[in-house]
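Here's a quick walk through one model, written for someone who likes cut-offs spelled out. Have the viewer open as you read.

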Amino acid sequence: AALTAVAWLFAPELARIVGPGFSPEKQARLAHFLRIILPAQVFFLPGACVSALLYIRKQFLAPALTPLIYNGCIIAGGLLVTGRGMEGFCWGVLFGAVLGSFLLPVVAARSSGSPLPEGIPAGLRLRFNLRHPLLKRLLLLALPLMLGVSIVAMDEQFVRIFGSMAGEGAVSLLSYARRIMLVPVGVVAQAAGVASFPFLAARGDDAGFDKTLGTALRGSMLVVIPLTAYMMAVALPTLGFIFEGGRFSAEETILAAPLLQILLLSVPFWVVQQVIGRAFYARQNTLTPAIVGTVATLAALPAYPLAVKLWGAFGVAMLTTLCLFVYTLALSWFWIRKHGTGAFDGMGHLLLKGFLLVLPGTLLAFSAVYGLSGRLPLWFPSLYAYLPAAMRHAVICGIAGVIFAIPYLLLAKLFMPEALSLRRRR
């Protein structure tokens, strides 16, 4: 709250630092936006702490609804506040933080919940106490995460900074591709990491911990491998369906598609590092992930300008994926060195089998996407002429999805039935 108040007072100065190339009028506009959004930070932090309490109680509904309400408020703000440019979205951020990130977890924690370990009662009671015996321990655990720099956290900034060096429009294309890539990251990787954490924290014995961690890793991979393969195949129509129209042209869809395909290769690494990172936290070790992330970030910095010079926007996308791979590999190596290979038993076999199972469907889906784009107008000229561009892309995504699913499901049923029985196994 204190830092937010200071930033609110010095918003014009911050605007000049953030947008040095802006005109005075645009810097004043930016300062106005900053002053609307900055108070949201006061609600994010306590809301995250209450959400952590819900995770410990294994109550996942309210935290799962939080981003939906937050983003819904942003959209509603943009729709309701008209004629003032981006200001409506800024107000949406503030109200979304209050309603979704703070009030929803607080109401959920106060109204229900199982008693915590050590006899702590259900519900939520707040009192100010700087002498709590666990406060010092909390600060020591949180400090490395606050001070450390992770390639995961800096990924978006690297795309913006080095994408601006890759030519006209590169930042926008990379940003659009990255937004789509983050869909499976949020649905699978972050969800797996967050959901597995309370179960890992509750495991005191090494064998039980390894079993829980291995289950989280293997279960996530069974979902993310076919999802990533399908999304790579339909990268072109997906971008066209979501973004094409207005200022985003068909030519930009074609340019962004290979960038999305490269970034999607990093999704399995996102899954592993999210789950392994939570495993370190469950063992009350925040220092190792912070050090590994900081070293990986510093090592990547000098490589980005070279990648941009050699391959432009493709270089940024390739290096981003490579950095996630190296970071995940290093984090996993430190885990194995400290805790053994028990959690990774069977992972190599699962990855190989998963790749082989999705390969036929992926190749067929790729063929369908790039073949149908030229043939559908010839087969259905009158119908195709009346369909909006977004619907054309949606039709191709659907057809490619069926073509991908049939061979994958048949092969999975024969050679890896556990991929189709996650619900029963849980």
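What follows covers the cores, one helix pair and a few single residues.

This is a predicted model, where local features need pLDDT of at least 70 and side-chain atom pairs count only at pLDDT 80 or more, while totals for chains, interfaces and linings use all residues. Numbering starts from 1 along each chain as its sequence is written, and side-chain values use heavy atoms, with hydrogens and water left out.

Start with the nonpolar core, meaning a set of buried Ala, Val, Leu, Ile, Met, Phe, Trp, Tyr and Cys residues joined through side-chain atoms within 4.5 Å. Buried here is under 20% relative accessible area, exposed is over 50%, and partly exposed sits in between (1.4 Å probe, protein chains only). The largest such core has 81 residues, and Leu213, Ile276 and Trp335 touch the most other members. Helix H10 (residues 206-233) is the top contributor, giving 12 residues. Helices are DSSP runs (H or I, at least four residues), numbered from the N terminus.

So who does Leu213 actually touch, leaving aside neighbours within four places in sequence? With contact taken as heavy atoms within 4.5 Å, the partners are Leu200, Val275, Ile276, Ala279, Trp335 and Ala343. Apart from the largest core lies another one of eight residues, among them Val50, Leu53, Leu54 and Ala62.

Next, a helix pair. H9 (residues 170-201) packs against H13 (residues 267-282) at an angle of about 20°, and their axes are 8 Å apart. The axes are lines fitted to C-alpha atoms over the stretch in contact, with angles running from 0 to 180 degrees between N-to-C directions. That makes H9 roughly parallel to H13, a label for angles under 35 degrees. Their crossing is right-handed, i.e. the near helix is turned clockwise from the far one by less than a right angle.

Now for three single residues, with their places and accessibilities:

| Residue | Place | Relative accessible area |
|---|---|---|
| Thr228 | helix H10 | 5%, buried |
| Thr238 | helix H11 (residues 235-243) | 15%, buried |
| Gln284 | loop between H13 and helix H14 (287-300) | 44%, partly exposed |

Not counting residues up to four places away in sequence, Thr228 touches Leu264, Val267 and Pro268. With the neighbours within four places set aside, Thr238 is in contact with Ile180 and Cys397. Measuring from C-alpha to C-alpha, Thr238 is 37 Å from Leu53, and the two are 185 residues apart in sequence. Gln284 has a positive phi of about 60° although it is not a glycine.

Key:
Helices (H or I, at least four residues) and strands (E, at least two) are DSSP runs, numbered from the N terminus. Angles under 35 degrees count as roughly parallel, over 145 as roughly antiparallel, 65 to 115 as roughly perpendicular and the rest as oblique.
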